[in-house]
Amino acid sequence: MKRTQKKQATDLALLLCRAHEEIRKVIENQNLTAALGLLEQCQKGAMRLGDLIEQSEGKDFVTIPMLEDYCELVYQIYEEAVQNPLVDAARAYRLLQESLTCITNSIRQDIQERLVAVFLPCKVEMWPALESVWEAAAADPICDAYVIPLPYYYKNYDGSFGKECYDGDKYPDNVPITKYDTFDFERYRPDMIFIQVPFDEYNQTMSVHPFFYSANLKKFTDKLIYIPYFLLDEIELRDERGLENMVHFAAMPGVVNADKVIVQSEAMRQTYIDYLSNMAGESSRAIWEEKILGLGSPMQERPKRTWENVRDLPGEWEAMLQKPDGSYKKAILYGTSVSVLLQYGEKYLRKMKNVFLTFREKRDEMVLWWRPYPLAMMKEAMSVGRQELLAEYENLVKMFQTESLGIYDETPGEERAVKFCDAYYGDGSSMVRLFCRQQKPVMRQNVDIILPLETE
């Protein structure tokens, strides 16, 4: 039985106990009508308790016969009171309590308490931010852990949703997937729900289905837990630009609605607390201090667990990296994002082409290892009103691949790229933090800078 259900069963038994007290009092005061009404309520309460236990433990569970005996006792006392208004109040109370004590002890001792934890990843590439937490929950013998990938949508210019996207078939084979439209949140009422998309309706580019907005999920659990799907550079209080950007990830419904928020470090926790206290008023500081925990991001641990199992490079990649003398060229990981592309448009594409051609001139010493935003998702993001931009982007992809300008990497998981590359260049992303942890150089891309080239 789930913990919430067991609590509900215990609460129902407590209500019956309180009803017994009232029954004794009204009988002693010779208020027969009130006594009969309370006995009827006890009968109904016991039936509700029986239904709850049957649904969870089965109709043959040991507590069910005790409830049947209790109902029979209530009926006998009811009939006795109808026939004899001077029924013995103390005796009736004692018999009811003795029967209820057996039921209460059985609920406490015989019903095994189970937890239900629900994990709601969105895009499959966000899964690493929840993976290790899910693994711990799935390994717990008293926890039922459900992974329910969410449907998501890229927004049109008017804010309406495009067609539904769903990544449920892209997860590792060891992750059992529950389809989002088959899980009854009201019935299961999970003990914990883990989310990783905090925006609700406030992301201009994409959205999960509104049912899965944090404001709605909060109705179905006593513990809504938000774990960001991204890693950030640590932000100091004197970093005005960094603090300004916090509105995009800290001042979001998922942070406000969550019961707990788990961030990447104690320093980031303090930054969240200071920022939100300043935004909501200093009187709210105690709320944020209780809510936000600097326990670290699962993404920080994932490379440690998986790098040992990174497979060898594909033959064509290794050939591209190797020099004629058998030594290896420097590999620079190039990270691009759809949000920056949508922000700068054609200017961003010119920058990308300039980067490709710059590395082409240095191909004897360096290799550009490009991990782009997945093309299928790029098409979804630019499917409405951005067809010309999408066509230009696809031409760049074709040029990069056909002219072998570098390694084109759309494989899931960033561990191999982080392991083999010597430095990072590009837009801000979770990989920036991973490179920093490996003490590898990181350089942010500036769209406004176009390098002169010998040939184009």
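Is Asp-144 buried, partly exposed or exposed, and at what relative accessibility? In this predicted model, Asp-144 comes out as partly exposed, with a relative accessibility of 25%. Its carboxylate is not left on its own: the side chain of Asp-144 meets that of Arg-114 in a salt bridge, at 2.7 Å from N to O. The two partners belong to distant parts of the chain, 30 residues apart, with Asp-144 in strand E2 (residues 143-147) and Arg-114 in the loop between H4 and strand E1 (115-120).

That pair is part of a bigger set, as the structure holds 19 salt bridges. Another one brings together the side chains of Glu-80 and Arg-91, with 3.4 Å between N and O. Glu-80 sits in helix H3 (residues 63-83) and Arg-91 in helix H4 (residues 89-110), so this bridge ties together parts that are 11 residues apart in sequence. Both ends have some access to the outside: Glu-80 is partly exposed, with a relative accessible area of 28%, and Arg-91 is partly exposed too, at 36% relative accessibility.

What about a pair away from the surface? Asp-274 and Arg-285 are both buried, and their side chains meet in a salt bridge of 2.9 Å, again N to O. Here the link runs from helix H10 (residues 266-280), which holds Asp-274, to helix H11 (residues 285-291), which holds Arg-285, and the two residues are 11 apart. Glu-282 joins in as well: salt bridges with shared partners put Asp-274, Glu-282 and Arg-285 into one network. As a rule, side chains of opposite charge can pair when their charged atoms come close.

Zooming out, the chain is built from 19 helices and 14 strands. Its overall form is not that of a compact globule: for 456 residues such a globule would have a radius of gyration near 23 Å, but the chain has 30 Å. The C-alpha trace spans about 110 × 50 × 40 Å along its principal axes. Even so, 50% of the 456 residues count as buried. Contacts also reach far along the sequence, since among those between residues at least 6 apart, 74% join residues at least 24 apart.

As for the surface, the chain exposes about 23,200 Å², and carbon and sulfur atoms supply 50% of that area. The charge tally is 54 positive and 71 negative, and the mean positions of the two sets are 3 Å apart.

Terms used
Residues are numbered from 1 along each chain as its sequence is written. This is a predicted model: local features need pLDDT of at least 70, side-chain atom pairs count only at pLDDT 80 or more; totals for chains, interfaces and linings use all residues. Side-chain values use heavy atoms; hydrogens and water are left out. A salt bridge is a side-chain nitrogen of Lys or Arg within 4 Å of a carboxyl oxygen of Asp or Glu. Helices (H or I, at least four residues) and strands (E, at least two) are DSSP runs, numbered from the N terminus. Buried means under 20% relative accessible area, exposed over 50%, partly exposed in between (1.4 Å probe, protein chains only). The radius of gyration is taken over C-alpha atoms; the globule rule is 2.2 Å times the number of residues to the power 0.38. Contact means heavy atoms within 4.5 Å. Accessible areas come from the Shrake-Rupley method with a 1.4 Å probe; for residues, only the protein chains shown count as cover. Lys and Arg count as positive and Asp and Glu as negative; His and the chain ends are not counted. The place of a charge is taken as NZ of Lys, CZ of Arg, CG of Asp or CD of Glu.
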